[in-house]
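Let's take a friendly look at how parts of a protein chain sit side by side and how charged side chains pair up. Keep the structure open while you read.

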Amino acid sequence: MAQLISGKEVAASVYEALTGRIQALKARGVTPSLTVILVGENPASQVYVRNKARMCKKLGMGSSVIRLDESTREENLIQIIRQLNDDASVHGILVQMPLPRHIREFAVLDAIDPKKDVDGFHAVNAGLLMSGREGFRACTPKGVMRMLKSCGVPLAGANAVVIGRSNIVGKPMAMMLLEENCTVTVCHSRTRELEKICAEADILVAAVGRPRFVTAQMVKPGAVVIDVGINRLPDGSLCGDVDFDQAAEKAAWITPVPGGVGPMTIAMLMENTVEAAEHAAG
Ligand code: NDP
């Protein structure tokens, strides 16, 4: 039976380390602050935004949420982002995805000052990751790397398989695993022999968005299985991309949903915001 990698526990150690950094900044008159922009009424987004703001407050950080109507025009949103870019009291800017269809995601993301892009989605930060240079790393894959390190499994030379190639999870995940010298395979909806590829993974990361997509046959005995998926079932409960009960029989380590990658994503957002404030403070 697999051992659990608790996102809550790893996140708690991140917060412990952040507390001292936040106090040091405050002693210098700087309160690390995050501004989140939410366009529209997406219920899942509302929950994510609330959780982010709540965590800022809990850590004694500044937080504000700008709520905009679904019909907000792209240029108005960009105008607001520019004002935040110029506001020295704001260290991190996050535009909650998804945006309404009439707004171009890339135009909005690229309007954020890369130094305040705590989500790590700006083309500059994505490029810095790609070229192995310092910059803001996307929170979810950054959190996954922290979880992998917490369980002490050797990463160098490990066969890592990522299912999913989105800009926010799959692609940066692959780059971060590569940075740690894993041998990385990225799978997607056109991948042939997906089951076979997954069954050879020492580290298997599922970021598909399909409930219980990863079955026991796809898990190599002794593997580390990281479940990024958050899927809501018809009965309202949450479920990951991995069939947890089946996979836990074969894996050495596994993350739960909820309580796995989700809490780490928020922890990394807090860490990136503190880092942005430290950079701004010099
Ligand atoms: P996307 O929908 O953007 O990407 C899903 C990926 O899965 C795509 O690359 C797609 O391939 C691939 N895929 C879909 N169906 C299959 C299939 N049958 N076989 C193989 N690959 C397939 O999702 P995200 O990356 O944004 O999110 C993935 C999951 O992670 C979601 O459940 C989301 O809610 C969750 N999530 C969780 C976070 C957290 O904090 N825990 C943060 C962000 C996301 P193709 O590109 O070919 O279409």
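The points below cover a group of strands and then some salt bridges.

The model is predicted. Strand 5 (residues 159-163) is a good place to begin, as four of its five residues are buried. A search of the whole structure also finds eight salt bridges.

**Strand 5 and its partners**

- Strand 5 pairs with strand 6 (residues 183-187) in the parallel sense, over five bridges.
- One pair to look for is isoleucine 163, whose bridge partner in strand 6 is cysteine 187.
- To get from strand 5 to strand 6, the chain passes through helix 7 (residues 170-179), and this β-α-β crossover is right-handed.
- Strand 5 also pairs in the parallel sense with strand 7 (residues 203-206), over four bridges.
- Here valine 162 has valine 205 of strand 7 as its bridge partner.

**Salt bridges across the chain**

- Side chains of opposite charge can pair when their charged atoms come close.
- Arginine 104 and glutamate 74 form a salt bridge, with their closest N and O atoms 2.5 Å apart.
- The two residues are 30 residues apart, with glutamate 74 in helix 3 (residues 74-86) and arginine 104 in the loop between strand 4 and helix 4.
- Arginine 104 is exposed at 54% relative accessible area, whereas glutamate 74 is buried at 11%.

**A salt-bridge network**

- Arginine 146 meets glutamate 271 in a salt bridge of 2.6 Å, N to O.
- Arginine 146 lies in helix 6 and glutamate 271 in helix 10, so the pair ties together parts 125 residues apart in sequence.
- Salt bridges with shared partners join Lys142, Arg146 and Glu271 into one network.

Technical notes
Residues numbered from 1 in each chain as written. Predicted model: local features only at pLDDT ≥ 70, side-chain atom pairs only at ≥ 80, totals over all residues. Heavy atoms only, no water. Buried < 20%, exposed > 50% of the residue type's maximum accessible area, 1.4 Å probe, protein only. Pairing = 2+ DSSP bridges. Right-handed = clockwise from strand over helix to strand, strands pointing away. Salt bridge = Lys/Arg side-chain N within 4 Å of Asp/Glu carboxyl O.
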